[in-house]
Amino acid sequence: MQRSMRFASLSCVGVVIAVQFFLCIAFAHGFSPEHADLRISGKQVDLVMTPTAKRFASFDVNHDGYFQSQETQASRRAMLKDFTKKLELKDEKGQLGKLLFSDLSTPHVHNHPERGASYLRVTLRYLWKREPKALVITLKGDDGETYRLSAFRFSKERNRHERRLIEGPVHHQLAGHKALRVFFDNQREKRETTP
């Protein structure tokens with residue numbers, strides 16, 4: 001009896017390790033094109049988006065619809081400035097968050113590395129003076145892209161490894177010129193507007 005229980009528990013551990021391994025492989029290279037991942041933790045909001053090359057068409061020097069590392073490196077700051085200027089994050093009171101960090105990178109390219117990447121990865125970190133209960137996200141400029149947004153709310157621990165998932169994932173579609181309301185619900189809105 002003990003031997004079979006030990007075997008069963010070892011089998012369970014093996015299955016858990018295998019699942020974690022395959023999840024790591026699946027997410028090792030980041031997101032697919034036109035994806036957005038929003039994470040709220042206390043006063044901090046992290047947003048990762050994967051816009052396609054058409055979002056940065058004016059920076060595509062050779063006009064091939066792909067970004068080689070030389071093109072990305074040469075225009076990195078200007079591309080980030082252009083992207084963040086067209087993206088607006090406000091809390092439920094209409095307050096803008098302060099942009100603390102921004103980065104732009106190319107994903108791994110396996111099929112034709114010489115061709116370059118058809119999409120880029122933009123990583124942004126915002127900070128509010130107080131914890132946002134909900135967000136309104138507006139993507140200015142309509143280039144025809146629609147992002148699949150997954151939103152999560154985590155606990156406030158400073159060390160990200162200690163944070164717990166409180167709410168989410170909540171899935172939305174984020175498209176140009178349309179304000180997207182994230183983590184709003186009727187009960188929350190009533191609580192915030194009632195004295």
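Helices and strands are here DSSP runs, of at least four residues (H or I) for a helix and at least two (E) for a strand, numbered from the N terminus. The legends below refer to a predicted model.

**Figure 1. Overall secondary structure of the predicted chain.** The protein chain comes to 3 helices and 9 strands. Read along the sequence, these elements follow the pattern α-β-β-α-β-β-β-β-β-β-β-α. The protein chain has 195 residues, of which 37% count as buried. Among contacts between residues at least 6 apart in sequence, 68% join residues at least 24 apart.

**Figure 2. The open sheet formed by β3, β6 and β9.** The sheet has 3 strands in the order β3-β6-β9, and the pairing is antiparallel. Strands β3 (87-91) and β9 (180-182) lie at the edges, each pairing on one side only. On average, neighbouring strands of this sheet are turned by 20° against each other, with direction ignored. Between β6 (residues 135-139) and β9 there are 3 bridges, and these two strands run antiparallel. Within this pair, L135 stands opposite V182 of β9.

**Figure 3. Strand β5 and its pairing with β2 and β4.** Strand β5 covers residues 121-127, and its side chains alternate along the strand. V122, L124 and Y126 point to one face and are buried. R121, T123, R125 and L127 point to the other face and are not buried. Strand β2 (residues 44-49) pairs with β5 in the antiparallel sense over 6 bridges. Strand β4 (residues 98-105) also pairs with β5 in the antiparallel sense, over 7 bridges. Y126 of β5 has V45 opposite, and L99 also stands opposite Y126.

**Figure 4. Surroundings of T84 in helix α2.** T84 is found in α2, which spans residues 69-85. Its relative accessible area is 18%, so T84 counts as buried, the cut-off being under 20%. Not counting residues up to four places away in sequence, T84 touches L99 and L124. Of these two contact partners, L99 stands opposite Y126 in β5. The other partner, L124, is one of the buried residues of β5.

**Figure 5. Surroundings of S32 in the loop between α1 and β1.** The loop that holds S32 lies between α1 (2-27) and β1 (35-41). S32 has a relative accessible area of 34% and is therefore partly exposed, a class that runs between the 20% limit for buried and the 50% limit for exposed. With residues up to four places away in sequence left out, S32 touches T50, Y119 and R148. One of these partners, Y119, is 87 residues from S32 along the chain, and the C-alpha atoms of the two are separated by 8.5 Å.

**Figure 6. Lining of the second largest pocket.** About 200 Å³ of space lies in this pocket. The lining residues are S41, G42, K43, Q44, L100, L127, E131, K156, E157, R158 and R163. By class, the lining has 2 nonpolar, 3 polar and 6 charged residues. L127, one of the lining residues, belongs to β5 and points to the face of that strand whose side chains are not buried. The lining also includes Q44 and L100; β2 covers residues 44-49, and β4 covers residues 98-105.

Terms used:
Residues are numbered from 1 along each chain as its sequence is written. This is a predicted model: local features need pLDDT of at least 70, side-chain atom pairs count only at pLDDT 80 or more; totals for chains, interfaces and linings use all residues. Side-chain values use heavy atoms; hydrogens and water are left out. Two strands pair if DSSP finds at least two bridges between them. Axes are lines fitted to C-alpha atoms, for helices over the stretch in contact, and angles run from 0 to 180 degrees between N-to-C directions. On a 1 Å grid over the protein atoms alone, a cavity is a set of points where a 1.4 Å probe fits but cannot get out, and a pocket is an open set with protein on both sides within 12 Å along at least five of seven lines; lining residues have an atom within 4 Å of a point. Grid points are joined across faces, edges and corners, and a volume is the space filled by probe spheres set on the points. Ala, Val, Leu, Ile, Met, Phe, Trp, Tyr, Cys and Pro count as nonpolar, Asp, Glu, Lys and Arg as charged, and the others, Gly among them, as polar. Buried means under 20% relative accessible area, exposed over 50%, partly exposed in between (1.4 Å probe, protein chains only). Contact means heavy atoms within 4.5 Å.
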